[in-house]
Amino acid sequence: MLPIGDYLFLGLALFIIGAIGVVTRRNVIVILMSIELILNAVNINLVAFSRLYGDVAGQVFALFIITDAAAEAAVGLGIVIAFFRNRETVLEDEMDLLKW
Amino acid sequence: MTPTGYFLGHLWLIPLFPLATAALMLLVGRRLPNSVVTVFCVGSVGVSFAFALGAVTQLLSAGPENRVAQQILFEWLTPGQMLASDGHLVRFTADWGYLLDPLSCVMVLVVTGVGFLIHIYSIGYMGHEGGYYRFFGYMNLFMFSMLTLVLANNMLLMFVGWEGVGLCSYLLIGFYFLRKSASDAGKKAFIVNRIGDAGFILGILLTAVTFGTIRFTSAGLADVAANSGILQALNGALSAQALAAGAPVLTTIALLLFVGATGKSAQIPLYVWLPDAMEGPTPVSALIHAATMVTAGVYMVVRMNAIYQLAPQAMDVVAVTGVVTAIFAASMALVQNDIKKVLAYSTISQLGYMFLALGAGAFAAGIFHLMTHAFFKALLFLGAGSVIHAMSGEQDIQKMGGLWNRIPVTARTFFVAALAIAGIPPLAGFFSKDEILGRAFERHPALWIVGFVTAGMTAFYMFRLVFLTFFGYSRADDHAQKHIHESPQTMTIPLMILAGLSVVGGWIGWPASLGGSNRFEKFLEPVMFSAGTTELAKAVPQSSPREYLLMVASIAIAVAGIWLAYEFYRTKRFAAEVVAAKMKGFYRMLFRKYYVDEIYDALFVNRTKDLGTLLGRFDAKVIDGVGVDGTGWLARFGSTLSMWWDKWIIDGLLNFGARLTQLMSFPIRFLQTGTFSSYALFILIGLAILLAYYQQHLHVVLRGAR
């Protein structure tokens, strides 16, 4: 098995790519995709530690997160479609009603 | 044995017919054509007349002592206990019942008979007027009220009729209600009558507490207590020595009732409404203000003659009031120029004669004059109406003249009536007036002298009217000249019938001294109270020579009056003006009717108005000003206060809270950008800070993992 640090490095890389995507991109769909990257980074961590300690709970948790990600994508895309119908845009910087 | 028969058993139908048609007219009359109105309204009075004739005939079939029919339809006011003035509790009751005795026979025949003729006359007279149905509706309502008045078996029901005729009088005087003078005259009549009615009501109440009943008599009733009539109660009280002739309570009752009579029958001091009442249509003046309603007071006094005979002081008051009214009104009639006004004052004067008769104790003579007066005065008014009709509405006799052959029937019947009222034998007025004057002389020669002078004045002013209207040259303008025409037959036939009655109507009272038997007085005898103890009942047996002398004297003064009028207005055309110019002040006073209206205005009307103004000012200042406006101001002040509280305290607190929150949140709230990515950035920064803070532990974790 590769040392745990490699796995964590991969997870960290994926997380940073996702986080930068979430912060910098304007298109909400792309942001959602970036969130998927973050979740997968978490999944890699969970699976890696599960393997390291020989505890299956981490892998089970990863499966839950995959399911959750699917559900989140469905709900998120539904919201984006509903929003598009109202405002004819999917750009997040135009979604700024809830502010001071 | 009391008389019976269909008509006597259905007395209540007599007033019911006019009531039914009156209700019909006043409810749906507007939609009915004039012909239907005529058939119903005149027909119903005709049917009433027929029923009255039937009832009287059946009554006459009984002997003189039994001529009374009374029937109680129902107990109108629920009987209750009442404390009579003698301390006893009595069962007081007011019926809705009808009484027909010789007195009401005369009245009911006069009312329905003369009323029927006047209704027929009205077909022609009112034919071209608006409100035809309204006129007949009111007239029929009047007939109902008047018949209720004369047929009532108790004082309260009589009062219902009394008020009813007053109401109809008001409605009919103000028939042309668009004319202010007419509606004013209606109000005047109504208000003046109210004053009299107040006396009448008090009289009824005093009668009720004194005798415990207001039913006139219990005769004709089978199954009632003996004392249930005033007459019976009075006899009982007399025989029990509880009351005596001249008792103050009897005098008071008599005087109070007489106050009512002065209002309704236009005696001093309440006569002022009658001349103004001439604003109504002429048939109304004939029916209500000459033949029937104004005689209600006379009828009422005769109906209560038992009390009057026991109250000599009241009788004196009645006699003096009557005779003063007679000469006072006659003097005003001398100078009036309005044909109807002359007749109005003449009516007041003749009513004064009737009261003179009553006051002299000659009740039968009063009723006799009432009847003959109804004939000839109705005829005079209807004739005047016919003249006015011919003259296109002109009422000023100075603008008439020369009508004798232009309207022959009217002129000749009018002439007959004038002879009758002047007292020329053998016309009706002679017998009745002569009897009154004879009885007045027995009472006191001074009464006779005044009445005698009045008779001369009557003859003078009536023939002044006749000569100015029908003789001489015509003084009408061209327009009126062209339209002079005799009235239609519906108007002239009643005139002719009444003229016939004015001639023969007096013959039923043909005095004994002229070979007659004075059947009229004998006929009324059962109605008259005859307690042998009273002073008045002890009539002085008249010595025939004096009676003839008085008769000759009254014929002489009547002829003298006519001759004077002839001299003044036929031969010496300007004599009247010369006399008037010589006695300028007196003439002026007569012409302005003794300024009585002005005096009443100054004494009563304006004082009442002042009181009204004062109360109005009190209303405006105190009630409206302090009360209503004050309350309003207080409410407004309170609401202003409350609004201020709301705005500055309640709302202010809320706004203060909001402001405070805004102020406190000043720097932090700018973090809430609303932009999704900035929130994400904050989260990342927070994560980074957390990681930096837990750096040590991170190493532990990573080391452990390795």
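**Exercise 1. Helix α2 of chain A and its cover**

Task: In this predicted model, find what covers the buried residues of α2(A), and list those residues.

Solution. Start with the cover: it includes α1 (4-24) and α3 (57-87) of chain A. Next, pick out the residues that have 20 or more other C-beta atoms within 10 Å of their own. For α2(A) the buried residues are V28(A), I31(A), L32(A), S34(A), A41(A), N43(A), N45(A), L46(A) and A48(A).

**Exercise 2. Checking the length of the helix**

Task: Work out what span helix α2 (residues 28-53) of chain A should have, and set it beside the distance between its end C-alpha atoms.

Solution. The helix has 26 residues, and the rise is 1.5 Å a residue. Remember to multiply by one less than the number of residues. The expected span is therefore 38 Å, and the end C-alpha atoms lie 38 Å apart, in agreement. To finish, step past the end of the helix: α2(A) is followed by G54(A), with a positive phi near 65°.

**Exercise 3. Positive phi outside glycine**

Task: Locate E88(A) and Y595(B), then decide whether each is buried or exposed.

Solution. Most residues other than glycine have a negative phi. E88(A) has a positive phi, near 55°, and sits in the segment after α3 of chain A. Around E88(A) there are 8 other C-beta atoms within 10 Å, so E88(A) is exposed.

Now turn to chain B. Phi of Y595(B) is also positive, near 60°, and Y595(B) belongs to the loop between α25 (584-591) and α26 (596-664). A residue is exposed at 12 or fewer neighbours. Y595(B) has 12 C-beta neighbours inside 10 Å, so Y595(B) counts as exposed.

**Exercise 4. Cis peptide bonds in chain B**

Task: Give omega for the bond joining I268(B) and P269(B) and for the one from P425(B) to P426(B), and place each second residue in its loop.

Solution. Most peptide bonds are trans. The bond between I268(B) and P269(B) is cis, with omega about 5°; P269(B) lies in the loop between α9 (248-264) and α10 (273-276) of chain B. The bond from P425(B) to P426(B) is cis too, and its omega is near 0°. P426(B) is found in the loop between α17 (408-422) and α18 (428-443) of chain B.

**Exercise 5. Where the chains touch**

Task: Count the residues on each side of the contact, then describe the side of chain B.

Solution. Chain A gives 14 residues and chain B gives 13. On the side of chain B, helix α27 (residues 676-693) supplies the largest share, five residues. By type, that side divides into six nonpolar, five polar and two charged residues.

How values were computed. Residues are numbered from 1 along each chain as its sequence is written. Chains are lettered from A and ligands numbered from 1 in the order in which they are written. This is a predicted model: local features need pLDDT of at least 70, side-chain atom pairs count only at pLDDT 80 or more; totals for chains, interfaces and linings use all residues. Two residues are in contact if their C-beta atoms, placed from the backbone, lie within 7 Å. Helices (H or I, at least four residues) and strands (E, at least two) are DSSP runs, numbered from the N terminus. Ala, Val, Leu, Ile, Met, Phe, Trp, Tyr, Cys and Pro count as nonpolar, Asp, Glu, Lys and Arg as charged, and the others, Gly among them, as polar.
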